[in-house]
Amino acid sequence: MTLLRVENLAIDVARDGGTCRLVHDAHFSVDRGETLAVVGESGSGKSLTALAVMDLLGEGLSVASGKILYDGTDLTALPPQERNALRGSKIAMIFQEPMTSLNPVRSIEHQLIEGMRLKLRLNRQAARARALELLAEVGISDPERRLNQYPHQLSGGMRQRVMIAIALSCEPDLILADEPTTALDVTIQAQILALTSRLCRDHGIGMVLITHNLGIVARYAQNVAVMYGGRVVERASARQLYRDPQHPYTRGLLASVPRLDLPRDTPLRPIPGAPPDATVELTGCRFHPRCPMATEICAQKVPDFSMTDGHEVACWNAGADASKEEGAVA
Amino acid sequence: MSSATPLLEVENLEVNFAIKKGLMQRTVGVVRAVNGVSFKIPRGTSFGLVGESGCGKTTVARAVLQLVEASAGTIRFDGQDIAKMDAPALKKFRSRVQAVFQDPFSSLNPRMSTGRIISEPLRVHRLKPESEIKAEVTRLLDICGLPARFADLYPHEMSGGQRQRVGIARALAMNPELIVCDEAVSALDVSIQAQIINLLEDLQKELGLTYLFIGHDLSVVRHICDQVGVMYLGRMAEAAPSDPLFAKPRHPYTQALIDAVPNPDPDYEQGREIVPLEGEVPSPANPPSGCFFHPRCPLVTDRCRSEVPPLDPVEPGHLAACWETGITVPSA
């Protein structure tokens, strides 16, 4: 059963009396107990898409079209009270920066039980008891003492564990994690990701993991959606995507990262140019100005999706001989 | 100096920061940010310093740049002790050593055009007459892959990658021998990061530059650097040429760092069982006894808790500070 399905989502921002489209077409789906990675660089629209699912888009931003189906219900058509009821309970979010996403003047206890009191209607004692269990579950030692502390008294890794505990507190079905470990050191990153993926598996929670790190995707995700310039350009299982990347952008990304598992002198093949400016009109495929395989049609028409064996790609030249391409992965 | 002299030689470097408290700002303690670090960088090569936040890698860089004072130890540049340099020699030194910083947003003055940012050091050091400055800026932009019109742009008009190119052009303006890159590619997107890494490597080949490269991304540091030092809580845990260091690490901390990096290969990653390193880095104001790594180390013995392991060669050119290093890795 599909837990979350995002269909043809478009997000606009109000600007100079008109609107400017930031996300053109996001679509993907997540099942219970599954981790889907949404990969892309800054400005690709991956975070906005997650915020739209949470109904947390900021001032001036709005969903222009498309559907967000949660358990079969279109969230974009729900009245605000019903969406509020879902947010933080059935659908939870983990943000990138635990320093700025926790309230610095409230104790850990206050922030942990707030949601449970509100959404699960627990009384203070019951919420506190569960808060202690949750802190223990996310690997925080001495939970009694930590409950009375404030965010600045915790390390970055511990703050992120508290964020995870808050996300888990109301027994969600779906967790959106937006770059949950980008601000953390690599050994702490490994601890936090191992923890989240174990918890999601144990509790049957579906997770949308937003990241730019291709190693993290390979380790923790079963399926991947690659976003570029506000569009999902490729969708596949993690194994398919890495074994046989179809979109020139995906191939370019994979050829750009230095890897510990390849010889040190393996050359990096960066993608030339820079990601598109969302405020500038661009016809056709949004990757065409940087694409080594671009042909005439790429600049004129947005490519349709083609699908083979569950591997979906939006490229006019998908299936063309990749070895002719400059940036191809060896 | 002869080419056999390393361009940079750091010996037993210590940098301490006082912890001050109260109204009178009494010194109540001391943080040993860098605690006896030594390394050499031969001319034309790259040396990487890796480690987690608070390990002292940036403080080492700042000491080399003379932005913080060394509490003890010596830093020799081209054979000369920089602590003993007089003002003219120090000024010369400052032009031979340049820096590229992490954040291309905060390391460029937002009120200056790119042309002024790049030409400022030329003017300060009077390296070029005013009439030649414009041509020199164009040349520097060109080396860094930017068209001449960028001289008129301001930092906010450029992308992160372009800004970092400007930062590199500014460093190159002095025609330096050593460039200290402090997390110079960390803030960039993957595809842009690869462009800047390639630029740094090309410049090194063409201009014979020497790099001290500070980073936390192991795969980036391995790619760029000939030699790598791994720091933990102000001490060097291991130092070796890149290939043996990554292929056959001799310190359990290095091993844990490498294990923690996921590779972009699902077949390999999803079949691999890793045991993440437990615990967190202790406060440098209150470090553990003996080997600083012992509270997190899987191989810990009683000796590790009481005695500091020396940084000794385990193989020619491969140094490790671990009592148990012989046990960690059976010799091949």
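Over residues 4–254 of chain A, the chain is 41% helix and 28% strand, with the end C-alpha atoms 27 Å apart; helices (H or I, at least four residues) and strands (E, at least two) are DSSP runs numbered from the N terminus. UniProt, in an unreviewed entry, places the feature "domain: ABC transporter" at these residues. The model is a predicted one, in which local features need pLDDT of at least 70 and side-chain atom pairs count only at pLDDT 80 or more, while totals for chains, interfaces and linings use all residues. Residues are numbered from 1 along each chain as its sequence is written, and chains are lettered from A in the order in which they are written.

The largest nonpolar core (buried Ala, Val, Leu, Ile, Met, Phe, Trp, Tyr and Cys residues joined through C-beta atoms within 7 Å; buried means 20 or more other C-beta atoms within 10 Å of the residue's own) has 189 residues. Those with the most contacts inside this core are A:Ile175, A:Val208, A:Val224 and B:Leu212. Helix 7 of chain A (residues 156–168) gives the most to the core, with 8 residues. The core lies between domain 1 (30–59 + 175–324) and domain 2 (91–169) of chain A, because both give residues to it; the domain bounds come from an automatic or database assignment.

Between the chains, 39 residues of chain B are in contact (C-beta atoms, placed from the backbone, within 7 Å) with 35 residues of chain A. Helix 6 of chain B gives the most to the chain B side, with 7 residues. This side divides into 19 nonpolar, 12 polar and 8 charged residues, with Asp, Glu, Lys and Arg counted as charged, Ala, Val, Leu, Ile, Met, Phe, Trp, Tyr, Cys and Pro as nonpolar, and the others, Gly among them, as polar.

Terms used:
Two residues are in contact if their C-beta atoms, placed from the backbone, lie within 7 Å. UniProt positions are given in the numbering used here, feature names are shortened, and annotations may be inferred rather than shown by experiment. A residue is buried if 20 or more other C-beta atoms lie within 10 Å of its own, exposed if 12 or fewer, and partly exposed in between; C-beta atoms are placed from the backbone.
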